[in-house]
Structures are given as C-alpha cells and as structure tokens.
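Biologist: I would like a close look at one part of this protein. Please take the salt bridges, and walk me through them.

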Amino acid sequence: MVLPYRRLDALNPSDEELELELRYRKNHAFAIGHGTAVAWEAGGNSATSVRTDVLPIHRVAAVSARESQLPILTLKRIVDIDHDPAVMDELIDFISTYSEWIRGQVAATDELTNRHTEAAGSIVGRQIEARDRMLESVDQLRADKSLRVVLSIAMRAMREQMLQTRFIETVPDTVQRPVGFDTENEPRFRMFQLAFVLVALPSTVDSRHQDRALVDLIWFPTGGGKTEAYLALAAIEIVHRRLTQATQGGGTAVLTRYTLRLLTTQQFQRAATLICALELMRMKSGLLPGTSRFSIGLWVGNDTTPGNEDDAIALARKLPGHPDPHNPFQLDVCPWCNTKIIPRGGSDDVHDFGFKILGKSIVLRCPEPSCDFSDQLPVEVVDSRIFEFPPTFVLATVDKFARIPFIEQAGALLGTGSYAPPGLVIQDELHLLSGQLGTTVGLFDSAVFGIMEMHGGCPKVVASTATIRAAQEQVSQLMSRKNSIFPPAGISEDDSFFAVPSPDKPGRTFIGLMPQAFTQATSIVRAAAAFLNAPLHADFNDAEIDAYWTLVAYHNSLRELGRTAVLLRDDVPGLLANKRNLGDRERLLDVSRNVELTGRANASDLPAALDRLKRSYPDEEAIDTVVSTNMLSVGIDIARLAAMIMNGLPKTTSEYIQATSRVGRSSVPGIILTYFRPGRSRDRSIYENFHGYHQALYRYVEPTSVTPWSTASRKRTLPAALAALVRHGAQLDANGDAYDFNYHDWYVDEIKDLLRSRVQIADSRETEHVENQVERLFREWSHRVDDEDEFEYFAGADTVPSLLKNFGENKDGWAAANSMRTVDDEVRIRARFEKDED
C-alpha cells in the first residue's frame, strides 16, 4: 500500500491553503518521478501500485454549467416580471434549489476532520451570504415596480441580442429576422448567470447600497458564459440610468476594460449587438420614450483605430477601388445583420462600404440597404467622436487610460461634462493584471476612480476570471476595495452547484513529452508532423477531421515562436513530403495557410485572422497552423480548434489553463501535447508530477503580485496620476489650465484625502510615504507656476514650459508614460571584444 505524497504547504498552511486542501482532499499524488513522470493505481486514500510513465496521458474532464429546465431561466419569462407576480415566486423557487444544495454542504461538514472544520465553515458562510444577496434582490423587486420595469426591458434587450446572434449564425444570407424565429428554442440563462444578476442587482441600481464598494468577481471556467453574465448586468445599469436620471443619464454608463486589444476587439462585436438591440427598442418599441441614443465605443489606441475624424476620413477615402482594402475601423461586420463593413475583395462603389462621410464628420453604417442600421450604426471608433459623444458603453484597453493626463477631452468618459459618471466598471480577465502591468494599473486607477468620485460617482465594479488565487489581496491592491467571489466554491472541487464536471462530455487530454535524447527542434518537427497528418489516417467524419485540422502552437516568447514558424514552413512540410514519396497518404501544407496571433501583428489584420480561423475543412482555405503567444489565451473563442502543441510550459499555471482551454470547446475532445524542457527546473518538476498536477490544475494556480504603492511604482506613475486628477477632477481641462493650479484651492485637499484613503486599504505601510510625495509634487507644481509666465500640461515639441514630459526627454517636467506597459527603460547593449594580441 502506498500512501499519498505529502505536500510541503500542508506543514504550515494559510487559511486559503486549508480551503484548497479541503476541496481537493480526494485528489492525491502518490509519487514524484526523477527524470520521468509516474502513474499509479489508486483506490481511495492509497495506491496499490506505482510505475514510471515516460509519455504520461491525463484526461481532464469538462466542467459545465449546471443545467436546469426551470422556466424562469428563459429570458422571455423574466421579461414578464413587470406585469406577472408569479415570476417572483419562480425566482424564489430558483433560489430554493441553491438553498437545498447549501443544506447538503452543511450536512457534509459533519464528516470532516477537525483540521478542516473551520475551512468548511468559511466556505459554507460565503455560500449563505450569496444566497441571502439573491433573496434581497427578490425582496427589492417585489417592493419596487420601477425596478421590475428596468429588469424587464434589460432582459428584453438581452433576449433580442441572443436571438439575433443565433439568427445570423444559422441563417447567414438573410438580413431581416422573421417574427417568431426559433421560438421553440427560447434563449436561456445558465443558472449561474441568473444567480449573478440577482446577487449584484441591488448594489448596481443603488449607489448608496452597502455592497456598492464591493467588487463582485465572477469566477467560472473558460467558456462558461461569464461575458453574458456581465452583459446582462450592463443592460440593467444602462436602462436604469436612462429611466431614472433624465438628461444626466446620457453619456457613458458602462466602462469595460481589457488588457489585450484582440480581446477588446472580439468582445466589442458581441457587446455591440446588445447596444443595437437597445437602440432598436428605443426607436421602435416605445419602452424607452424620450431617452437619448444608445451607442458603443471602442477606445483602444491609434495604432488600431483613428484618433480624429480627419484621419478617419482620409483612411476611408482610400478604400473604394483598392483591390485588398484593410479595415481601419476594427468593426469587421455589422453587429446586427453580419454584413461585411469592408467588402472582401474590394469594390469601386462607395455604397458597398460601411461608412458615410458627412462634411467633416464620418459615421459607420451597415452597407446592407435592408438592415435597420443602414443609415448609421450606434458604434463609435474614432477617439475624437468618442470624447464629443460619450458612448453609452465604452470598451477600452487599460493602456488608453495612461493617456488621460494628456487629453483635454478624456474626462468626458468619466463624468466631467453634463452627464453623470459611469455607474458600472467591468474588468475582464482580472488575472492578467499582475506583475508590472497590474502594479501600474493599480496606482493609475486611483486617478480613474478618483475623477469619478470627485464628480459624485461611485461606480459598481465587476470583474471576471477563470483562474485566480489570493483574490482579496489582489483586488485590494488594484482597486482598494473588498471583493466577493461568485459563485462561491463548494467543499469539494468537483461541485460548486453552478459548475459541475461533465464526464459524458469530451474534455481535454493532456500528453506530456520531455525528450532528453533529441533536440527541441527535432521533437517539435516530429510532433507537429504527426499531429497535422493524423486526421487523414483516422476513421473520422468531416466534422472530426476539421476539429484536428488546424494545429495551434503556443509559445512563451516571440523568439521561440519564430523558430517554430521556420520549422513549420520548412522542416515539417519536408518530413511529410518524404513520407509521401514512400507512398503514404500525407498532407500538403501551404505557408499561406498559417496564422500568427501575437502582439506584433497589425491591428487591422486581427479581425481577418479570426475570420480565417473559422473556415472549416474541407474548405481549401482552412488554416493549417496557428503560431501564437499569450494573445491566444484570453477571449479567443474558435470552437472548431481541438489540437495544440504547448511549446514549453508557460510561466504560470493560470496561463497554462487559459491557453489550453482554447481547444476542445466543441463536441470533439481537445488534445494538448505539452513539450517540457529538460533544462528548465519548473518544466522538469511539473513533468515529474504530471498526473498529480493535472488532476488538480486549479489548486496549483499561483497568487499574483502587484505593488502599486511601492517606491518604484510611485516614482514612475504617481506624478501622471496627480496631473490627471487635477486636470479632470478639478476641471482644469484645457492644456493651458495647468497654469491655473492653486495649491490652496479645494481640490488639493480632496485629492490628498482620496489618495490617503485608497493607500490605507491597499498598503497602509506606505501611507506616510505617499502623503510626503504628494505634498512635494503639489509644492513643485505651485513653484513652477509662480516662476513661469505661461505653463501647460504637455507642450510636446513646443518651447512652452510644461508639467509633463515623455520619458527620456531632456527638459523640466514630470516624466509620464503614454502606455501602462511602458514600465521599464529600454537599454541598448553592444558587446565589445578585445582583439587578440598575438
């Protein structure tokens, strides 16, 4: 009999580690290899045999949202809440199913050892808290007719969005969705999506609610529907704001932030369909009388979208007549009818393009004449128009907020004009805000949220992730708020009520490879050739061949990606050609059927690349290979992909889970070959514990580290944050208003108090240091104003003295970065060699 291998963190566990130990108490590792992986035959808490396993294979079961046929999960039924009292009873019945599960959790704690009693109590306590928040939501809905109307209209918009999305996917050549389309298959919420809406509803619609300052963190496996959950909450906020705040309810209601531009672009298309549904309801239904136009804006940087209308018009005028026009607007298709905004193959007719030039202005439109948005789409992608007409729903990369101190009009998105500040801030893929990027974002958020607070705002914050550890510490550092994770975990890792393993679904199969007698290049060539050729030799139908037809090769760096790209272009086709000469049925590869997904890809090419990836076998243009860095691991939802080579283990388990979850999302099992480098200690260690690691992947997720108030971070970012707070918080917006700064004015003390309160929550040890630095910077600003005849925030190439300067500029001023990723100085090093004296 072999007993479980003892984990080091079991000796002095933290509270979170005790909870993880409890939840994964059935997942034991019985051996660790030395230069090899190991496997075992186990039964309960012991193993009967242990063996070496040089090519380990481990199947990870699919995790799915719990299914239910309760009528209340259909959006059409929730729409009835404004006039049918029975809907309230159905909501209570829905919550009762969760309450019954909690009672089972409480009963299960009686069977636990004393070591885990306290941890189990904490877990069950969070479950009860989530249940009570749902019940509070129902009580509030019973008492408030206007809130029921808000929920009804918002869910009507969500239903329209889901129906329209399904329509354009299933009937691609028809523009107008017929009345009664697919009514036998009504759009439904997953259980956790409706539960999350109920949990967050009271604190979303009431700015004085006790949970308003709580970050509600959606923690759910990838592909589980997190986006729809927070889109539903966004719809509620938008409708509630319009119906309750009159003219102030215009402007930006929802601010959604992403870390990668590809993720932003793809999510933009989905959110835009919801905004189109709301706009059609405003124009046609009479449910939103007297409200201003709904719109959505994409604010991601001028390498991706135009900065002003002159640039946009110049780019647009080059498109007609071009044989291969590139889309400068990032909107690939009409979000309502799926018509191409820029016709594939080009056209000489300007009416075939999705834009309309009106004098010195430009608006986006659907090129299809019968589309409801053929005149104008409710979409803004030009920076200057986004500031002039603040969109209802703004999607942005976190990088863009570093530009706030430099842009006079940027405060319009945060409530500095005639509209109220945003009421909802959504941070997608929270786990990516780690390390240097998270540190910079955390400090600069003191300015972003501070500006909203100085204008009377207190936004609700929702975040989402599939992988996180030490969430409270990270959220506290990043946002100076407490957090609540939903759905709360269960006392066993395989059941959180809303998410359960699905052994009958394909899941993903992980294969470990650590070759020690071959070079990396040889191993990759042979593995890639085998992967690419296998679909032709297996007894598959076309759908199964298609799933494995496109091979995804994931890399940790551009250097490694470049090597693989060369091998896929030269060596792999050569190996397949040699086999073909021997009479075997081998696959023909084409270099043109390769897609690269990296940060160096041209932004205008990304939507087209995603579109190419959707082409299926036996289409001659179906992609052979995808080479990617971590751009792949967030938000890429291409269901047909099922084969991946992981070329080297990612630096974190979180990244490993996120990247590998991009394959195997359909009805075909995903297969991931993980190539472990024998010379890297972390790779070797995990390979030697292959089965133990993969049977409890989420347990191995590492806590992220962010230190926004550290000395180095403050030196780099605090000056720009102060400039943003004064410029937009005190409404000294114009460039020359920097000269009007007055140390004795009201906003100086307010900014000091605001920053003090945030740093006391995030890192109280740094409070005094922050106060001293803020005081010194404000004094310095005041002295410079006194010494100059004119003074601007940023003078660029001008000779006018300015408060800010670019990093590396040789002039007076505070160095400020234009991007939150510009966190390290780049130094060019050239090696010098002494000549031989012989």
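Modeller: What follows goes through the salt bridges, with helix 22 as the main stop. Keep in mind that this is a predicted model. Side chains of opposite charge can pair when their charged atoms come close. A search of the whole structure finds 46 salt bridges.

Go to helix 22, which spans residues 767–787. Here the side chains of Arg 779 and Glu 775 form a salt bridge, at 2.8 Å from N to O. How far apart are Arg 779 and Glu 775 along the helix? They are four residues apart, so about one helical turn separates them. Arg 779 is partly exposed, at 38% relative accessible area. Glu 775 is also partly exposed, with a value of 24%.

Helix 22 holds another pair, Arg 776 and Glu 780. These two are again four residues apart, about one turn of the helix. Their closest N and O atoms lie 3.9 Å apart. The cut-off for a salt bridge is within 4 Å, so this pair counts. Arg 776 is partly exposed at 46%, and Glu 780 is partly exposed at 29%.

Elsewhere, salt bridges with shared partners link up. One such network joins Asp 332, Lys 340, Arg 344, Asp 611, Arg 615 and Glu 621.

Finally, look at Arg 77 and Asp 84. Their side chains meet in a salt bridge, 2.8 Å from N to O. Is Arg 77 buried or exposed? Arg 77 has 16% relative accessibility, so it counts as buried. Its partner Asp 84 is partly exposed, at 21%.

Technical notes:
Residues are numbered from 1 along each chain as its sequence is written. This is a predicted model: local features need pLDDT of at least 70, side-chain atom pairs count only at pLDDT 80 or more; totals for chains, interfaces and linings use all residues. Side-chain values use heavy atoms; hydrogens and water are left out. Buried means under 20% relative accessible area, exposed over 50%, partly exposed in between (1.4 Å probe, protein chains only).
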